[in-house]
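Open the model in your viewer with a cartoon representation and side chains ready to switch on. The stops below go from one sheet to its helices, then to the other sheet.

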Amino acid sequence: MGKEILVAVIKDVAKLAGVSVGTVSKYLNTPELLREDKREAVEDAIQKLNYRPNLFARNLRVQDSKTIAVIAQEIRNPFHAALFNTIRKEAMKYNYSVVLYSINDVNGNIDTLFESLPLHYFSGLVLCYFHDMEQSIAFAKRHDKVPMVIMSNSDRYFNEYDSAKIIHADFTLGIEKVCEYLISRGNKNIAYIGCKTKDTAHEPKLKGFLMTMEKYGLKPHSITRLEKEYTMETGYESAGQILKCGTLPDAILSDTDIMAVGALNCLRDHNIKVPDDLMLASCDNIEFARYCCPRLTTVNVPIEAMSIKAVELLVAQMEDKPHLSTGTSFELELIIRESTK
């Protein structure tokens with residue numbers, strides 16, 4: 001029986017070099033981005049192990065894999081599901097397939113997503129990570145040669161980054177609109193629920209709420225922002241914390257519909273009627289908002305139109321066509337329904 005031949009894989013290189021698989025992948029793709037000590041460690045390990053990288057992904061990239069990677073935050077959220085489904089259908093018109101990644105699967109680290117399948121495999125990338133826009137912009141700047149479009153939630157990023165690669169909706173203005181409407185309905189004691197983001201210095205929705213309350217000389221009833229994901233469970237728990245305050249607010253403003261639906265169920269379980277006992281409003285206009293009872297007053301984020309524009313801009317980059325625009329800013333519209341009537 002012949003001697004078994006052991007073939008080194010990328011994990012073996014990473015272990016011997018004392019670095020992560022992602023670092024080895026970065027060495028193979030963009031070695032100039034590595035610190036000299038790490039680059040030398042990887043080179044030494046490759047020589048000792050006689051490692052030969054799999055050229056499959058590289059060849060696909062040269063020939064164009066016709067595959068787009070979409071990075072979303074929490075794929076259980078109908079907001080992100082609508083984004084992915086629209087991009088998938090739109091990309092098919094240009095003969096591209098789409099792969100969906102959830103950033104939560106890798107604890108919020110974008111680079112880790114591409115350890116198994118290198119970034120250069122993909123023809124292009126749509127990055128929708130509102131929870132950490134700072135990391136999103138930094139990632140895009142490190143990979144500025146990769147065709148990429150970023151979904152942005154603040155004009156701050158629209159102005160600071162390449163506008164031809166940004167799809168922007170002003171979430172601050174959207175929350176201002178719904179908060180002003182609640183105040184116009186006589187609500188002065190308003191509670192706010194949301195989630196803490198990674199970019200705590202720049203949270204556009206919370207900023208919009210606080211600015212509007214200050215504009216009218218009002219103080220929030222309470223602000224509940226849990227370090228959790230945007231889910232119905234988080235909304236339910238957040239509303240429960242508000243009820244522990246002892247006094248009911250006039251209204252609750254949730255920064256996402258999915259949390260508002262959870263809050264609505266918590267209030268119902270405590271025999272608190274919406275809108276009779278307090279009003280409830282939110283932001284996104286997902287399908288649940290139109291069909292829950294009572295139907296939610298919310299701010300419409302035109303995620304389908306934004307996704308279509310994202311594919312248009314990305315295809316222009318991937319196929320080296322003139323950009324049809326220099327990026328797009330979308331307006332957010334107030335949708336008034338039963339939860340505030």
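Contact here means heavy atoms within 4.5 Å. With that in mind, note that this is a predicted model, and select helix α5 first: α5 lies across β1 (67-72), β2, β3 and β4 (148-152). The direction of α5 runs at about 160 degrees to β2.

**The parallel sheet**

Now select the strands under that helix together with their partners. They belong to an open sheet of six strands in the order β2-β1-β3-β4-β5-β11, and the pairing is parallel. Strands β2 and β11 (328-330) are the edges, each pairing on one side only. Direction ignored, neighbouring strands of this sheet are turned by 15 degrees against each other on average.

At the β11 end, pick strand β5 (residues 166-169), which pairs with β11 in the parallel sense over three bridges. Show alanine 169 and, opposite it in β11, phenylalanine 330.

**An aromatic pair at β2**

Go to the other edge strand. A search of the whole structure finds six aromatic pairs. One to display is tyrosine 101 with phenylalanine 122: the ring centres are 6.1 Å apart and the planes stand at 85 degrees, so the pair is edge-to-face. The cut-off for that label is an angle over 60 degrees between the planes. Tyrosine 101 sits in strand β2 (residues 97-102) and phenylalanine 122 in the loop between β2 and β3 (124-127), so the pair ties together parts that are 21 residues apart in sequence.

**Helices α5 and α13**

Return to α5 (residues 78-93) and add helix α13 (residues 303-318). How far apart are the axes of α5 and α13, and at what angle do the helices pack? The axes are 9 Å apart and the angle is about 40 degrees, which makes α5 oblique to α13. The crossing of α5 past α13 is right-handed.

Turn on the side chains of the contact. From α5 these are Phe79, Ala82, Leu83, Thr86, Ile87, Glu90 and Ala91; from α13 they are Ile303, Glu304, Ser307, Ile308 and Val311. By type, the residues of this contact of α5 with α13 comprise eight nonpolar, two polar and two charged.

**The mixed sheet**

Next select the six strands of another open sheet, ordered β7-β6-β8-β9-β10-β12, with mixed pairing. Its edge strands are β7 (222-226) and β12 (333-335), each of which pairs on one side only. From one strand to the next the twist averages 15 degrees.

Zoom in on strand β6 (residues 190-195) and strand β8 (residues 251-254): they run parallel and are joined by four bridges. Tyrosine 192 stands opposite leucine 253 of β8. Then add helix α9 (residues 204-215), which packs on the sheet and touches β6, β7, β8 and β9 (279-284). The direction of α9 makes about 165 degrees with that of β6.

**Helices α10 and α11**

For the last stop, select helix α10 (residues 232-243) and helix α11 (residues 257-269), whose axes come within 6 Å and cross at roughly 50 degrees. The two helices are therefore oblique to each other, and their crossing is right-handed.

Show the contact residues: Met232, Thr234, Gly235, Tyr236, Ser238, Ala239, Gly240 and Leu243 on α10, and Ile258, Met259, Val261, Gly262, Ala263, Asn265, Cys266, Leu267 and Asp269 on α11. Coloured by type, the contact of α10 with α11 holds ten nonpolar residues, six polar and one charged.

Key:
Residues numbered from 1 in each chain as written. Predicted model: local features only at pLDDT ≥ 70, side-chain atom pairs only at ≥ 80, totals over all residues. Heavy atoms only, no water. Pairing = 2+ DSSP bridges. Axes fitted to C-alpha atoms, helices over the stretch in contact; angles between N-to-C directions. Parallel < 35°, antiparallel > 145°, perpendicular 65-115°, else oblique. Left-handed = near helix turned anticlockwise from the far one by under 90°. Nonpolar A, V, L, I, M, F, W, Y, C, P; charged D, E, K, R; others polar. Phe/Tyr/Trp six-rings, centres within 6.5 Å; stacked < 30°, edge-to-face > 60°.
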